[in-house]
Amino acid sequence: MSIKAANTENILQAAQIIKDGGLVSFPTETVYGLGANVYNSFGVAHIFAVKKRPTFNPLISHIADIDFMSEYAQTDSRAIALAKKFWPGPLTLLLNRKDNNPSIDLACAGLPSITVRMPNNPIALELIKQSQVPIVAPSANISQSISPTTAQHVYDDFGEKIDMILDGGPCSVGVESTILDLTSKQIRLLRAGGLAIEEIQAFLGEKILTSEDIPAKITAPGQMSKHYAPKKATRINVTTPQEDEFFIGFGNMECQLNLSKTQDLHEAAGNLFAYLRTANEDANTSKIAIAPIPNIGLGLAINDRIIRASKKE
Ligand code: TXA
Ligand code: MG
């Protein structure tokens with residue numbers, strides 16, 4: 001069994017695996033990542049293979065030291081201010097690459113840009129430090145299925161196909177990081193996530209463009225509409241569920257599982273992926289229904305994920 005307690009000894013062993021080109025799943029505050037050494041093309045290629053992920057879909061580099069960002073990305077005062085304010089934390093920055101590092105081409109899917117983030121989880125940070133390289137890590141799930149928020153979720157998807165899973169307990173945020181595109185003058189939201197855009201806008205004092213502003217242009221390459229998908233047909237914004245539906249509620253209501261009885265969106269985000277898995281595996285129902293979630297704060301990320309879950313294609 002490759003699930004290991006995240007103690008010092010196992011983190012050191014995991015760091016050695018990363019350095020040598022192996023794959024380690026590790027906890028972050030958002031979801032579990034499937035990590036490899038950014039410079040090791042064998043390791044990076046292995047991520048695409050085990051996840052069944054298209055190689056044109058680039059990976060986020062995880063760093064433990066802010067200085068690493070300027071090593072291979074073109075930074076400016078705006079990027080540095082955002083990093084200083086929100087890192088470590090659930091924010092990923094998309095920046096133009098410096099062209100000094102062809103060895104990270106595969107991780108960046110050959111694009112002239114790179115995404116970077118510093119996760120707010122002591123196990124992740126220690127693993128990156130001990131590995132002495134940035135770690136590329138997509139969510140540790142088979143492509144297009146539900147992201148993992150526990151070590152067991154990772155094991156359920158990959159079993160013994162990866163070298164180690166570091167168990168750090170359930171993820172505190174529960175949805176992936178917010179991705180901001182900083183490559184043009186006006187900042188764009190590429191993916192709603194664990195850091196509310198209201199918070200970022202308040203800090204910057206400027207509006208971030210979202211898909212509502214320019215719908216066709218804003219998408220991360222991996223943001224295909226069918227994503228995070230349970231196998232069961234899923235309906236959203238449901239107030240009256242049907243007999244054969246597993247009902248995931250929100251607020252004070254009767255349901256099989258409640259994302260948050262007190263309508264706390266942080267609590268709801270933390271529960272979302274685990275509840276989708278439970279609903280998907282429930283033998284007594286053939287479909288899933290989810291109650292309406294307000295579209296503010298972390299509700300933006302929750303709605304993004306459940307809309308994708310409800311798409312057929
Ligand atoms: O919270 C997170 O961000 C988690 C944890 C493990 O850190 N990681 C994660 O990675 O969600 P992944 O690969 O599942 O999602 C990253 C998204 C993908 O949709 C990818 O297409 C997009 O970011 N992305 C990465 N690099 C990009 C780039 N250079 N340009 C545009 N989109 C990029
Ligand atoms: Mg993912």
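This report describes the overall build, the nonpolar core and some backbone features of a predicted model of one protein chain.

**Overall build**

The chain folds into 9 helices and 14 strands. Its C-alpha trace extends over about 60 × 50 × 30 Å along the principal axes. The radius of gyration is 19 Å, and a compact globule of 313 residues would have a value near 20 Å, so the chain agrees with that expectation. Buried residues make up 55% of the 313. Among contacts with a separation of 6 or more, 67% join residues that are 24 or more positions apart.

The surface that the chain exposes comes to about 13400 Å², and 51% of this area is supplied by carbon and sulfur atoms. As for charge, there are 29 positive and 32 negative side chains. The centres of these two sets are 5 Å apart.

**The nonpolar core**

The largest nonpolar core holds 91 residues, and within it L93 and L180 touch the most other members. Helix 8, which covers residues 265–281, gives the most to this core, with 8 residues.

Leaving aside residues up to four places away in sequence, L93 touches M69, A79, L82, A83, W87, I114, T115, V116, L180 and L182. L180, the other residue named above for its core contacts, is thus one of the residues that L93 touches. L93 itself falls within strand 5 (91–96).

**Backbone features**

Most residues other than glycine have a negative phi, and most peptide bonds are trans. Two residues and one peptide bond in this chain depart from that pattern, as described below.

W87, a contact of L93, is joined to P88 by a cis peptide bond with omega near -10°. P88 sits in the loop that runs from helix 4 (77–86) to strand 5 (91–96).

K52 and Q132 are not glycines, yet each has a positive phi. Both are in loops that lead from a helix to a strand. The table sets out their values.

| Residue | Phi | Loop between | Relative accessibility |
|---|---|---|---|
| K52 | near 60° | helix 2 (41–51) and strand 4 (60–62) | 60% |
| Q132 | about 60° | helix 5 (122–131) and strand 7 (135–136) | 59% |

A residue counts as exposed when its relative accessible area is over 50%. K52 therefore counts as exposed at 60%, and Q132 is exposed because its relative accessible area is 59%.

Definitions and conventions
Residues numbered from 1 in each chain as written. Chains lettered and ligands numbered in written order. Predicted model: local features only at pLDDT ≥ 70, side-chain atom pairs only at ≥ 80, totals over all residues. Heavy atoms only, no water. Helix = DSSP H or I, 4+ residues; strand = E, 2+ residues; numbered from the N terminus. Rg over C-alpha atoms; globule rule 2.2 N^0.38 Å. Buried < 20%, exposed > 50% of the residue type's maximum accessible area, 1.4 Å probe, protein only. Contact = heavy atoms within 4.5 Å. Areas by Shrake-Rupley, 256 points an atom, 1.4 Å probe, with all protein chains shown as cover. Lys, Arg positive; Asp, Glu negative; His and termini not counted. Charge placed at Lys NZ, Arg CZ, Asp CG, Glu CD. Core = buried A, V, L, I, M, F, W, Y, C linked by side-chain atoms within 4.5 Å.
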